[in-house]
Amino acid sequence: MPRPTCPRRVARPPACDYFKPRGVPMTALEEVTLSVDELEALRLADLEGLYQEAAAERLGVSRTTFGRIVGSARHKVAEALVLGKALSISGGAVAWSQDRQFVCDAGGHRWSLPLGSGRPEACPGCGSQAFHRVDGGPRGAERPAP
Ligand SMILES: [Zn+2]
């Protein structure tokens with residue numbers, strides 16, 4: 001039985017949600033469905049070129065889970081390109097990332113705050129001042145002063 005999936009943080013909706021080979025009638029096309037979190041994994045790993053650990057943080061999943069998601073995504077894209085299938089992008093457990101996301105360096109606690117609410121003083125989980133932003137915002141500006 002599949003486990004329920006926690007929503008993955010995705011920065012923005014896909015620019016385009018359907019790709020099809022030119023000159024093939026829709027009725028003759030096979031279709032591959034890429035979920036929105038799989039597309040985001042591709043964007044982070046292959047477009048932004050992030051290491052898996054950083055990309056996993058941005059998506060809000062473990063490194064192992066990220067590896068599985070990006071592997072599945074690459075397989076599907078390859079299948080569409082090589083075998084001439086249509087590629088549909090839809091579904092997936094996704095939470096649009098409007099909030100600023102933080103991760104505590106000391107204890108790995110995660111929390112989020114709405115945009116414009118100021119820099120947090122300390123980790124709400126353990127009080128550590130060593131934490132950083134993981135949503136793609138200005139990391140440097142959010143780092144505590146040394
Ligand atoms: Zn903490």
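This passage describes the zinc site and helix α2 of a predicted model.

The zinc ion is held by four donor atoms, namely SG of Cys-104, ND1 of His-109, SG of Cys-123 and SG of Cys-126, at 2.0 to 2.4 Å. Angles among the 4 donor atoms run from 102 to 118°, and the site is tetrahedral. For reference, the ideal angle for four tetrahedral donors is 109.5 degrees. Along the chain, the donors follow the spacing C-x4-H-x13-C-x2-C. Of these donors, His-109 is situated in the loop between β6 (100-104) and β7 (110-113), whereas Cys-126 occupies the loop between β7 and β8 (131-133); the pair therefore ties together parts that are 17 residues apart in sequence. His-109 is partly exposed, at a relative accessible area of 30%, and Cys-126 is likewise partly exposed, at 42%.

Helix α2 spans residues 52-59 and includes Glu-57. Its buried residues are Ala-55, Ala-56, Glu-57, Arg-58 and Leu-59. These buried residues pack against β1 (8-10), α1 (36-47) and α3 (63-83), as well as against the strands β6, β7 and β8. Just after the helix, Gly-60 adopts a positive phi of about 80°.

Within α2, Glu-57 has a relative accessibility of 19%. Because the threshold for burial is under 20% relative accessible area, Glu-57 counts as buried. When neighbours within four places in sequence are set aside, the contacts of Glu-57 are Arg-9, Val-103, Arg-110, His-132 and Val-134.

Definitions and conventions. Residues numbered from 1 in each chain as written. Predicted model: local features only at pLDDT ≥ 70, side-chain atom pairs only at ≥ 80, totals over all residues. Heavy atoms only, no water. Helix = DSSP H or I, 4+ residues; strand = E, 2+ residues; numbered from the N terminus. Buried < 20%, exposed > 50% of the residue type's maximum accessible area, 1.4 Å probe, protein only. Contact = heavy atoms within 4.5 Å. Donors = N, O, S within 2.8 Å, 3.2 Å for Na, K, Ca; no water. Tetrahedral: all angles 85-135°; square planar, octahedral: opposite > 155°, others 65-115°.
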